[in-house]
Amino acid sequence: MAPGAATNGRPTATRTSELVRFATAGSVDDGKSTLIGRLLFDTKSIFEDQLEHVEETSKRRGDGYVNLALLTDGLRAEREQGITIDVAYRYFHTPRRKFIIADTPGHEQYTRNMVTGASTADLALILVDARKGVLEQSRRHAFIASLLRIPHLVVCVNKMDLVDFDEEVFERIRAEFTGWAAKLDIHDMTFIPISALHGDNVVERSQRMDWYDGPSLLYHLEHVHVASDRNLQDARFPVQWVTRPMSDELHDYRGYAGEVASGVFRTGDEIVVLPSGLTSRIAGIDTFDGELEEAYPPLSVTMRLEDDIDVSRGDMICRPSNRPKEARDIDAMVCWMSDRPLAASGRYRIKHTSRTALAKVDEVIYRIDVNSLHRNEEATGLELNEIGKLRLRLSAPLLVDEYRRNRATGSFILIDESTNDTVGAGMVL
Amino acid sequence: MTYEISHLRALESEAIHVIREVAAELERAVLLFSGGKDSAVLLHLARKAFHPGGLPFPVMHVDTGHNFPEVIEYRDRLVEEMGARLIVACVQDSIDKGRVTEESGPRASRNRLQSVTLLDAIEEHGFRAAFGGARRDEERARAKERILSFRDDFGQWDPKGQRPELWNVYNGFVKPGEHVRVFPLSNWTELDVWQYIAEEKLDLPCIYFAHERDVFKRDGMLYALSDHVELLPGEEPFKKWVRFRTVGDMSCTGAVASEATSLEDVVAEIAATRITERGETRADDRISEAAMEDRKKEGYF
């Protein structure tokens with residue numbers, strides 16, 4: 001990759017910028033590593049010693065080119081085998097935004113890794129090889145992105161240089177992808193024709209595709225509106241920690257510390273504590289830097305209440321007129337992440353917000369084929385990387401919302417009681 | 001009202017969430033404090049997490065005995081000001097007890113010995129969680145590490161068998177003898193750390209700012225002249241304006257030539273630098289391509 005084309009410098013010292021997380025998925029040959037390398041390189045996020053190192057290693061391995069995949073392959077086994085084992089996190093800044101890339105491998109264990117990377121993403125970036133069109137893999141990625149409710153999807157039709165920058169090829173892929181994605185619940189989908197290798201439409205608009213009048217990929221990443229993706233309607237505050245300093249000057253102080261999951265809380269608001277159902281008002285919202293008038297996601301704050309009522313970790317503070325469901329049975333989509341299969345009637349720990357309980361699998365309702373979206377209702381369990389709809393019975397009520405409405409209060413993990421491994425990722429239906 | 005939040009506030013809130021979650025779920029946590037900038041930020045965030053209460057866990061320094069005196073002075077000042085409980089685990093004690101053998105020669109370092117001292121201290125105190133200031137942008141093996149990173153009862157890290165980490169739901173379950181390392185600054189970059197220090201006006205050891213010092217050149221890096229390093233033939237000390245970009249042992253931490261005497265100057269310098277902090281200043285990472293991965297598997301920070 002040649003230097004140059006660097007238009008976006010690193011940020012200045014004082015400027016504030018917004019945090020955006022995106023997940024990329026793909027296999028070795030669709031140009032994903034080249035694209036990430038290009039983004040990092042052109043935003044000056046690759047340092048000279050890292051580049052030198054990659055150049056040396058590429059030469060030693062006889063790659064014949066500077067293999068930017070080596071930048072993200074961090075473990076010895078990965079470098080030796082030329083594969084990516086796990087989700088790798090990469091960072092870059094532009095003057096407007098700080099980006100966190102969750103880079104997930106496309107080969108085996110793809111589902112487990114992509115679900116992990118997708119769980120925190122604001123945006124999913126999917127690569128399609130212009131020569132090959134929409135493959136099974138692209139469809140799988142789009143399905144997982146929609147299942148995890150990633151609000152924005154960007155489909156980069158890559159290797160446009162290898163199809164003579166032909167508009168028809170791009171339009172054909174766009175039509176095919178859009179047609180298929182209609183089955184999924186995707187609200188914002190953007191298509192960009194690019195050449196990651198040559199940089200067309202990655203950072204700068206390409207001069208070689210006059211017919212394309214949309215933005216470059218980086219411009220899109222910098223401007224896509226993510227702040228409004230947060231749920232600001234349903235006030236939810238899972239209590240993580242009860243702050244009781246018990247010092248002389250703060251003898252009677254009692255505060256409830258947590259991160260606002262959704263909605264807006266203001267001093268004076270009437271609230272209800274669940275599951276107890278006790279009500280009170282917010283007396284103050286404290287932080288180390290002083291009191292706040294209001295708290296919204298994802299701020300970490302400490303709330304004081306007007307009344308001395310019993311509140312502990314695992315409780316949720318909400319508004320009396322807008323409550324989550326207090327559920328003892330839940331239906332959920334679950335992605336299985338362990339070598340030991342999920343069995344109907346299996347028992348696991350379930351962790352949801354700051355609350356932990358036990359969950360028993362009452363029924364495997366169906367298993368979904370991530371490629372065809374076919375539902376197999378005969379399924380009785382889930383193997384590693386499989387996704388299915390389960391009915392779970394809980395040892396204690398959890399305070400849940402539908403995942404589609406609230407990612408923070410609709411998500412949970414399942415933990416194996418004997419190994420303590422995280423074995424499942426669930427989304428409440 | 002748009003309820004916008006800057007990237008530094010988002011990172012801060014994420015870190016505070018992690019710290020509270022671990023303190024609530026795991027008995028006996030400890031915060032590993034080296035006196036470096038990352039641990040200074042970590043300690044500040046821990047303080048914010050429990051305000052107006054105090055820290056619900058002690059602070060531990062793994063002391064190699066090869067410290068910059070300025071850093072020890074800073075450590076003691078900060079801990080006293082916060083009223084935190086300080087535990088010092090000494091590599092010298094591990095050497096005296098015969099747990100480890102001191103390296104010898106001009107390139108000797110106690111860097112690797114620290115892992116044993118650290119694991120012994122974790123076992124002795126029965127800590128189930130140890131907070132550290134490591135970041136994923138520092139090093140390639142770290143780019144793959146979880147925020148809650150599990151250690152077996154030998155203190156080992158198994159990079160291929162890590163627990164998946166989803167949303168902000170953390171799994172802190174461990175059995176007796178096992179522990180987790182917790183990295184609330186995982187998603188911060190070096191520049192984020194400096195911007196945050198500038199925004200919060202945090203106190204740091206003075207060696208992070210440019211000063212004139214006796215140094216010598218080795219393997220293309222500048223080292224501080226001290227009792228902890230033997231000079232090789234041909235190495236001549238000289239005076240130079242330098243600052244330190246990372247803080248480790250005097251024996252393996254390089255200085256960079258710099259005139260940056262204020263926080264603003266340092267942030268501007270970091271924003272313009274083209275070399276990673278570990279590449280520029282840490283001899284301990286130059287041993288091999290997988291130096292960090294190997295040390296981490298043995299229980300290193």
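In this predicted model, A:Asp286 counts as buried because 21 C-beta neighbours lie inside 10 Å of its own C-beta atom, and 20 or more are needed for that class. The residue belongs to strand β12 of chain A. Leaving aside neighbours within four places in sequence, A:Asp286 is in contact with A:Gly255, A:Glu291, A:Val301, A:Thr302 and A:Arg304. One of these partners, A:Val301, is 15 residues away along the chain, and the C-alpha atoms of A:Asp286 and A:Val301 are separated by 6.0 Å.

**Chain A around strand β11**

Strand β12 (residues 278-287) of chain A pairs with β11(A) in the antiparallel sense, and four bridges join the two strands. Within this pairing, A:Val273 stands opposite A:Leu278 in β12(A). The hairpin made by β11(A) and β12(A) has three residues between the strands, and in it A:Gly277 takes a positive phi near 85 degrees. A:Pro275 is also placed in the loop between β11 and β12 of chain A, and the peptide bond that joins A:Leu274 to A:Pro275 is cis, with omega at about 10 degrees.

Strand β11(A) also pairs with strand β16 (residues 316-318) of chain A, where three bridges join the strands and the two run antiparallel. There the bridge partner of A:Leu274 is A:Met316 in β16(A). Which side chains of strand β11 (residues 270-274) of chain A point to one face and are buried? They are A:Ile271 and A:Val273, whereas A:Glu270, A:Val272 and A:Leu274 point to the other face and are not buried.

Taken as a whole, chain A has eight helices and 25 strands, and buried residues make up 49% of its 429 residues. Among the contacts in chain A between residues at least 6 apart in sequence, 70% join residues at least 24 apart. One of the helices, α2 (residues 48-61) of chain A, has 14 residues and should therefore span 20 Å at 1.5 Å a residue, which agrees with the 20 Å between its end C-alpha atoms. After α2(A) comes A:Gly62, with a positive phi near 75 degrees.

**Domains and a barrel in chain B**

The domain assignment divides chain B into domain 1 (7-192 + 290-297) and domain 2 (204-285). The centres of the two domains of chain B, taken over C-alpha atoms, are separated by 23 Å, and 23 residues of domain 1 are in contact with 21 residues of domain 2. On the side of domain 1 of chain B that touches domain 2, at least two residues each come from α2 (37-50), α3 (69-82), α6 (190-200) and α9 (291-297). The largest share of that side, three residues, is supplied by α3(B). By class, the residues of this side of domain 1 of chain B comprise nine nonpolar, eight polar and six charged.

Chain B also holds a closed barrel of four strands, which runs β7-β8-β10-β9 with antiparallel pairing. Neighbouring strands of this sheet are turned by 70 degrees against each other on average, direction ignored. Three bridges link strand β9 (residues 238-244) of chain B to strand β10 (residues 254-257) of chain B in the antiparallel sense, and B:Arg243 has B:Val256 in β10(B) as its bridge partner.

**Backbone exceptions in loops**

Most residues other than glycine have a negative phi, and most peptide bonds are trans. The table lists loop residues that depart from this pattern in phi.

| Residue | Phi | Loop | C-beta neighbours inside 10 Å |
|---|---|---|---|
| A:Asn385 | near 75 degrees | between β22 (381-382) and β23 (387-400) of chain A | 18, partly exposed |
| B:Asp219 | about 50 degrees | between β7 (211-218) and β8 (221-224) of chain B | 9, exposed |

In chain B, the peptide bond from B:His51 to B:Pro52 is cis, with omega near 0 degrees, and B:Pro52 is found in the loop between α2 and β2 (59-63) of that chain.

**Where the two chains meet**

How many residues of chain A are in contact with chain B? There are 56 of them, and they are in contact with 55 residues of chain B. The side of chain A that touches chain B has 27 nonpolar, 15 polar and 14 charged residues.

How values were computed. Residues numbered from 1 in each chain as written. Chains lettered and ligands numbered in written order. Predicted model: local features only at pLDDT ≥ 70, side-chain atom pairs only at ≥ 80, totals over all residues. Contact = placed C-beta atoms within 7 Å. Nonpolar A, V, L, I, M, F, W, Y, C, P; charged D, E, K, R; others polar. Pairing = 2+ DSSP bridges. Axes fitted to C-alpha atoms, helices over the stretch in contact; angles between N-to-C directions. Domains from an automatic or database assignment. Expected span 1.5 Å × (residues − 1). Buried ≥ 20, exposed ≤ 12 C-beta atoms within 10 Å, placed from the backbone.
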